[in-house]
Amino acid sequence: MKKLFAVLAIAIMVLSLSGCNSYPAINGFEYDVSQKYYGYAITGYNGKDTDIEIPSSLLGVKVAEIGDRVFQFMNNINSVTVPDGVIQIGDFAFGECDNLENVKIPDGVTKIGTMAFFGCNALKNIDIPDSVTEFGEDAFSQSGLESIKLPKGITEVSSSLFIYCSNLKSIDIPNGVTKIGDAAFNFCESLTDVTIPDSVTFIGSSFHECESLTDITLPDSVTEISENAFDCSYNISVTYKGKTYDYAHIGDLYKAINGN
């Protein structure tokens, strides 16, 4: 640990004196001292590989962060392996990588940033470790995901997390989640299978135009729901406290939950 601190201290001093913003690239990877964690942040990539293995360390210092927009718009990328030691994947990190099919995320990552995998159309499945406790908004929006199991450490399904994921069929929400944010699953037209755990107390305007969603059960723990939670999901049938409401009577469901 002392060696790491010493290397980082020297790096910061050299950068400060030289006026540089980052070190010279190594094997195509641009990097800088992380502003959040002990280690380096990957800040750019100018290599040509289609199957990318991000290094776990550079110059003897661990890589702790994948910075914002590092691989954005790189349509030549097919797969990415994130190494052990990385704590955060930044905003837009892999946004609109149209041909990205496979991503390996190690246990130890705690945050996946805003729009990190936005528009990754070829990404059908991804395993997210339970170490992840936070997603930025729109982290997987407009991606090709077909099914996903959310990590056990989260307490909220972030706003717009899966909006416009037209291929998403099933979602596993873990016990411990208390809030499903606005637009979390809006326009997921293939969604058929959602299980909401007993820990959820709040549901936002989360299921607009989910035309394939026909049956969903809300646990008794839900005490607040947006009055347009299921807008334009015309085939929906929602069961709450033993009573089932079809779309024509969905307003009665909102009254039953919100008490008005």
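**Strand 5 and a run of stacked rings**

Hi everyone, let me start at a turn: strand 4 and strand 5 form a hairpin with two residues between the strands, and there Leu59 takes a positive phi near 55 degrees. Before I go on, please keep in mind that this is a predicted model.

So, staying with that hairpin, strand 4 covers residues 57–58, and it runs antiparallel to strand 5, with two bridges joining them. If you want a spot to click on, Leu58 stands opposite Val61 of strand 5.

Now look at the other partners of strand 5. Strand 2, residues 40–45, pairs with strand 5 in the parallel sense, over three bridges. There, Ala41 has Glu65 as its bridge partner. Strand 7, residues 88–89, is also parallel to strand 5, and two bridges join them. In that pairing, Ile66 stands opposite Ile89.

How many of the six residues of strand 5 are buried? Five of them, so the strand, residues 61–66, is largely enclosed by the rest of the structure.

Let's move to the aromatic rings. Searching the whole structure turns up 13 aromatic pairs. One of them is Phe162 with Phe185, a stacked pair with 5.7 Å centre to centre and 10 degrees between the planes. These two come from distant parts of the chain, 23 residues apart: Phe162 sits in the loop between strand 12 (156–157) and strand 13 (170–172), while Phe185 sits in the loop between strand 14 (179–180) and strand 15 (193–195).

Are these two rings buried or exposed? Phe162 has 0% relative accessibility, so it counts as buried. Phe185 is buried too, again with a relative accessible area of 0%.

Phe185 has another stacked partner, Phe207, at 5.2 Å centre to centre and with 15 degrees between the planes. This pair also links distant parts of the chain, 22 residues apart, with Phe207 in the loop between strand 16 (202–203) and strand 17 (215–218). Like Phe185, Phe207 is buried.

Here is how those three fit into a wider picture. Ring pairs join Phe162, Phe185 and Phe207 into a cluster with Phe29, Tyr45, Phe71, Phe94, Phe117, Phe135, Phe140 and Phe230. You may recognise Tyr45 from earlier: it belongs to the cluster, and strand 2 spans residues 40–45.

One last thing to find on your screens is a charge over a ring. Arg69 lies over the face of Phe92, at 4.0 Å from the ring centre.

That's my tour, thanks for listening!

Note on methods
Residues numbered from 1 in each chain as written. Predicted model: local features only at pLDDT ≥ 70, side-chain atom pairs only at ≥ 80, totals over all residues. Heavy atoms only, no water. Phe/Tyr/Trp six-rings, centres within 6.5 Å; stacked < 30°, edge-to-face > 60°. Helix = DSSP H or I, 4+ residues; strand = E, 2+ residues; numbered from the N terminus. Buried < 20%, exposed > 50% of the residue type's maximum accessible area, 1.4 Å probe, protein only. Lys NZ or Arg CZ within 6 Å of the ring centre and 35° of its normal. Pairing = 2+ DSSP bridges.
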